[in-house]
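Look at the structure below and follow its helices from one to the next. The paragraphs after it go through its interior and then its main pocket.

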Amino acid sequence: PAASSYELRGGGWFDGARFVLEDLHAENGVFSQQRPGRVDPVTNQDTSSQNKERLERFDQQVDDFRTLLRIPGMSAAIIKDQKLLWAKGFGFADVEGRVPATPETVYHIASFTKTFAATLIMQLVEQGKLDLDEPMSHYSADFKDESVRVKHLLTHTSGGATPGERFQYDGARFDYLTAVIEKKTGKPFREVIVKTFLDPLAMSS
């Protein structure tokens, strides 16, 4: 059955993951080998079999969670002390082609790029290369006057008669920040993303 509301709030499979991690041994980044079995003084059971049962139950609960949210495919990982302890794919990377998702599946990150863009904008501010009060007309001819500033796009307050007065989410307008980043860095947005975030993390897929 799908995960219960209690489990989704953290009382079930999130806690289950914690107990699994306490007993399972990670080697080469995955649960490929368990610690030598020992007898639990409370249950009088071999802990190696308990570990296996817990991990299987955790796998099922994650997949139930995916099904509940109608996610076609996903990859999940658990990291502890900067080490990858467990990773697995659930569902399909390609539903029509029935291609299973794996830990290495590359996904379209969509609006996650907004987080990257916002971080880059603020880094430029910290470096003294950008003023959030600069008019967007300096970066795109689509802005006819100086009323809309960089800060307005960054905070989704560029709409309405008076920019800055009210919040209104606008992904299309946020995309204009790409031009700001490219002009200030002199590099394509994709290249800046790779060098700033992906290369330092060795994310080469």
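The largest nonpolar core of this predicted model has 20 residues, and those with the most contacts inside it are Met-136, Leu-177 and Val-180. Four elements, H4, H5, H7 and H8, give two or more residues to this core. Another core lies apart from it, made of 8 residues, among them Leu-55, Ala-76, Trp-86 and Phe-90.

Leu-177 is a good place to start. Its neighbours within four places in sequence left aside, Leu-177 is in contact with Ile-121, Val-150, Leu-153 and Leu-154. Leu-177 is also one of the buried residues of H7, together with Val-180 and Ile-181. Seen down the axis of H7, these buried residues fall within an arc of 95 degrees, so they line one face of the helix. The spacing along the sequence has a general basis: an α-helix has 3.6 residues a turn, so residues three or four places apart point the same way. What does the buried face of H7 pack against? The buried residues of H7 pack against H4, helix H5 (150-154), helix H6 (171-174) and H8. Just after H7, Gly-186 takes a positive phi of about 75 degrees.

Next comes helix H8, which covers residues 189-198. Its buried residues are Phe-189, Val-192, Ile-193 and Phe-197. Viewed down the axis of H8, the buried residues lie within an arc of 100 degrees, so they too line one face of their helix. The cover over the buried residues of H8 includes helix H4 (112-126) and helix H7 (177-185).

H8 also has a part in the largest pocket, where H8 gives the most to the lining, with 6 residues. How much space lies in this pocket? The largest pocket holds about 1,300 Å³. It is lined by 29 residues, of which the closest to the centre of the pocket are Val-106, Leu-198, Met-203, Ser-204 and Ser-205. Strand E1 (73-80), strand E2 (83-94), H4 and H8 each supply at least two residues of the lining. By type, the residues of the lining divide into 20 nonpolar, 6 polar and 3 charged.

Two helices therefore appear in both parts of this account, because H4 and H8 give two or more residues to the largest nonpolar core and each supply at least two residues of the pocket lining.

Conventions
Residues are numbered from 1 along each chain as its sequence is written. This is a predicted model: local features need pLDDT of at least 70, side-chain atom pairs count only at pLDDT 80 or more; totals for chains, interfaces and linings use all residues. Side-chain values use heavy atoms; hydrogens and water are left out. Buried means under 20% relative accessible area, exposed over 50%, partly exposed in between (1.4 Å probe, protein chains only). The arc is that of the directions from the helix axis to the C-beta atoms. Contact means heavy atoms within 4.5 Å. On a 1 Å grid over the protein atoms alone, a cavity is a set of points where a 1.4 Å probe fits but cannot get out, and a pocket is an open set with protein on both sides within 12 Å along at least five of seven lines; lining residues have an atom within 4 Å of a point. Grid points are joined across faces, edges and corners, and a volume is the space filled by probe spheres set on the points. Ala, Val, Leu, Ile, Met, Phe, Trp, Tyr, Cys and Pro count as nonpolar, Asp, Glu, Lys and Arg as charged, and the others, Gly among them, as polar. A nonpolar core is a set of buried Ala, Val, Leu, Ile, Met, Phe, Trp, Tyr and Cys residues joined through side-chain atoms within 4.5 Å.
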